[in-house]
Amino acid sequence: DLPGSTPARKLLVDRSLRYLNNLSREASGDLSLQRELAAAYEKVGDVEGSPYVANLGDTPGALASYRKAGLILATLSRSDPENASLKWELHSNYLAIGACLSATHDFSGALASVHKALEISENLLSKSTDPGIQDRAADGYHYLGWLLRWTGDFPGSLESFRRAAAIRTYAQDTKGPEGTSIRTHLARDYSAIAMLLASQPQLSAPTDALGQATKLLEDLTAENPTNAAIRGFLADSYQFLGSDLKDSGDLPGSLGYFRKARVIYQALSQTDPQDAWLPYRLAYADLSISEVLFKKGKAEAGLESLRESLAIFHSLVENHPDNGDSREGLSDSYAAFGAEYRRRASHPNSSKSKRLENLRAARTNYQKSLDVLIALRDRAGLNAEYTRKMTGIRKQIAECDDAIIDKERGGRRASR
């Protein structure tokens with residue numbers, strides 16, 4: 001959890017893996033060495049591209065490492081079916097593979113992998129009341145919640161997040177570092193529930209889950225000020241709060257929380273510049289800030305934040321071209337530029353030439369946004385949310401085209 005540790009962990013794990021690979025041909029009959037080799041592959045995968053820890057953004061590399069570990073663990077587990085420790089290692093491996101598959105937009109593969117993990121955890125959870133086991137079992141439901149949200153199953157997503165929170169609630173009074181971890185994860189469950197309810201109000205009445213999450217994370221951060229993971233979760237909670245306040249019309253409150261989130265993401269990113277997940281979150285904070293600034297009439301400040309968001313997503317896509325999440329962010333940034341130029345084109349005090357200029361800029365940016373999504377669809381597929389966004393962007397482009405034609409015809413008539 002220490003900030004700035006990604007390069008050091010990568011170097012250490014790479015050296016360990018090279019050593020173990022040299023021994024792998026001799027390890028077929030050595031179960032302890034096989035298990036050690038699987039653990040090394042897992043650690044390499046974590047640093048290469050796990051969304052759960054600081055990582056280098058190499059999703060394909062991470063997936064390959066996790067699959068190597070999974071093959072070993074599955075073989076070992078079949079040979080020792082009563083070994084619960086091995087089963088938990090395989091459970092974690094299935095979740096890690098699911099995370100990588102979802103990042104490449106293989107959602108059916110991700111769901112299959114997560115359901116394998118849940119099959120293991122449900123069996124083991126029924127035999128134990130250990131808080132650590134409860135926490136690990138809840139992880140699968142939490143991640144299933146995200147997968148179902150991304151694929152458009154909002155009721156199923158809510159049920160999964162609530163299941164994760166219910167499991168962890170029983171263990172939240174655990175003392176020591178294990179208790180800190182459980183409460184951190186419980187706050188993450190609350191945040192996810194609140195975010196989902198805010199985006200789909202028909203699912204339930206308003207909830208205070210987000211407030212619970214933020215208070216819990218603020219307390220945990222005060223107790224553990226150097227814990228980068230907890231600080232990151234707190235920033236995520238601030239980001240969700242900002243979105244909730246923005247949707248309810250509290251722009252000053254919304255902007256305050258978005259900026260709080262940005263400060264944390266920026267600090268963590270500077271401390272650990274090789275963690276690809278941090279700039280991704282920072283870019284979305286900038287995108288959110290720009291949206292509020294536009295609503296408050298601070299157009300130039302909004303454009304400045306939007307440019308920062310676009311630059312980060314461009315860099316992420318260049319460095320990690322197989323990561324679908326970064327491509328979605330790039331599309332969102334271009335679409336935000338399109339929306340702002342479209343708004344400017346409708347300003348009543350603008351000249352006809354300026355309106356036409358802004359319409360063309362809007363159309364250009366919407367097209368760039370669409371092109372990114374088309375490439376992503378052809379490369380890895382789109383989830384339900386971005387399929388809907390693609391339809392909306394096509395509509396915006398068509399409306400821009402109609403408006404441009406209308407303005408050009410008007411200009412030609414006026415010149416006669």
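## Helices, cores and a few residues worth a look

Let's start with two helices that touch: Arg35, Glu42 and Gly49 in H2 meet Ser85, Leu86, Glu89, Asn93 and Cys100 in H4. Sorted by class, the residues of this contact come out as 2 nonpolar, 3 polar and 3 charged. Keep in mind as you look around that this is a predicted model.

How do you put a pair like that into numbers? Two packed helices are described by the angle between their axes and the distance between the axes. Here are the values for three pairs in this structure.

| Helix pair | Angle between axes | Distance between axes |
|---|---|---|
| H2 (residues 31–49) and H4 (residues 84–103) | about 30° | 12 Å |
| H10 (residues 228–247) and H12 (residues 277–295) | about 25° | 11 Å |
| H13 (residues 299–319) and H14 (residues 324–345) | roughly 155° | within 8 Å |

Angles under 35 degrees count as roughly parallel, and H2 and H4 are therefore roughly parallel to each other. H2 passes H4 in a left-handed crossing.

H10 and H12 are also roughly parallel to each other, and H10 passes H12 in a left-handed crossing. On the H10 side, the residues in the contact are Gly232, Phe233, Asp236, Gln239 and Lys246, and they meet Arg281, Tyr284, Ala285, Ser288, Glu291, Val292 and Lys295 in H12. By class, that contact has 4 nonpolar, 3 polar and 5 charged residues.

Now for H13 and H14, whose axes cross at roughly 155°. That makes H13 roughly antiparallel to H14. Their crossing is left-handed. Among the H13 residues that meet H14 are Leu303, Leu306, Leu310, Phe313 and Val317, and the H14 residues they face include Leu330, Tyr334, Ala336 and Phe337. The residues of this contact divide into 11 nonpolar, 5 polar and 6 charged.

While you're in H13, find serine 305, which sits in that helix. Is serine 305 buried or exposed? Its relative accessible area is 11%, so it is buried. Leaving out residues up to four places away in sequence, serine 305 touches Asp286, Ile289, Ser290 and Leu293.

Next, the nonpolar cores. The largest one has 65 residues, and Ile193, Leu217, Phe313, Leu330 and Ile393 touch the most other members. You've already met two of these names: Phe313 in H13 and Leu330 in H14 are both part of the contact between those helices. Which helix gives this core its largest share? That's helix H8 (residues 176–199), with 9 residues. Take isoleucine 193 as an example: not counting neighbours within four places in sequence, isoleucine 193 is in contact with Leu158, Phe161, Arg162, Ala165 and Ala209. Apart from this core lies another, of 40 residues, including Leu37, Ile72, Ile97 and Leu144.

A charged side chain can be hidden too, and arginine 168 in helix H7 (residues 154–169) is a case to look at. With 0% relative accessibility, arginine 168 counts as buried. Which residues surround arginine 168? Skipping neighbours within four places in sequence, its contacts are Asp135, Ala138, Asp139, His142, Ile182, His185, Leu186, Arg188 and Asp189. Pick histidine 185 from that list: arginine 168 and histidine 185 are 17 residues apart in sequence, and their C-alpha atoms are 7.9 Å apart in space.

Finally, have a look at two loop residues. Tyrosine 52 has its place in the loop between H2 and helix H3 (59–79). At 42% relative accessible area, tyrosine 52 is partly exposed. Leaving aside residues up to four places away in sequence, tyrosine 52 touches Leu95, Ala96, Ala99 and Tyr143. Alanine 99 is 47 residues from tyrosine 52 along the chain, with 8.8 Å between their C-alpha atoms.

The other loop residue is histidine 105, found between H4 and helix H5 (107–125). What is the phi of histidine 105? It is positive, about 70°, although histidine 105 is not a glycine. For background, most residues other than glycine have a negative phi. Histidine 105 also counts as buried, at 6% relative accessibility.

Notes: Residues are numbered from 1 along each chain as its sequence is written. This is a predicted model: local features need pLDDT of at least 70, side-chain atom pairs count only at pLDDT 80 or more; totals for chains, interfaces and linings use all residues. Side-chain values use heavy atoms; hydrogens and water are left out. Axes are lines fitted to C-alpha atoms, for helices over the stretch in contact, and angles run from 0 to 180 degrees between N-to-C directions. Helices (H or I, at least four residues) and strands (E, at least two) are DSSP runs, numbered from the N terminus. Angles under 35 degrees count as roughly parallel, over 145 as roughly antiparallel, 65 to 115 as roughly perpendicular and the rest as oblique. A crossing is left-handed if the near helix is turned anticlockwise from the far one by less than a right angle, and right-handed if clockwise. Contact means heavy atoms within 4.5 Å. Ala, Val, Leu, Ile, Met, Phe, Trp, Tyr, Cys and Pro count as nonpolar, Asp, Glu, Lys and Arg as charged, and the others, Gly among them, as polar. A nonpolar core is a set of buried Ala, Val, Leu, Ile, Met, Phe, Trp, Tyr and Cys residues joined through side-chain atoms within 4.5 Å. Buried means under 20% relative accessible area, exposed over 50%, partly exposed in between (1.4 Å probe, protein chains only).
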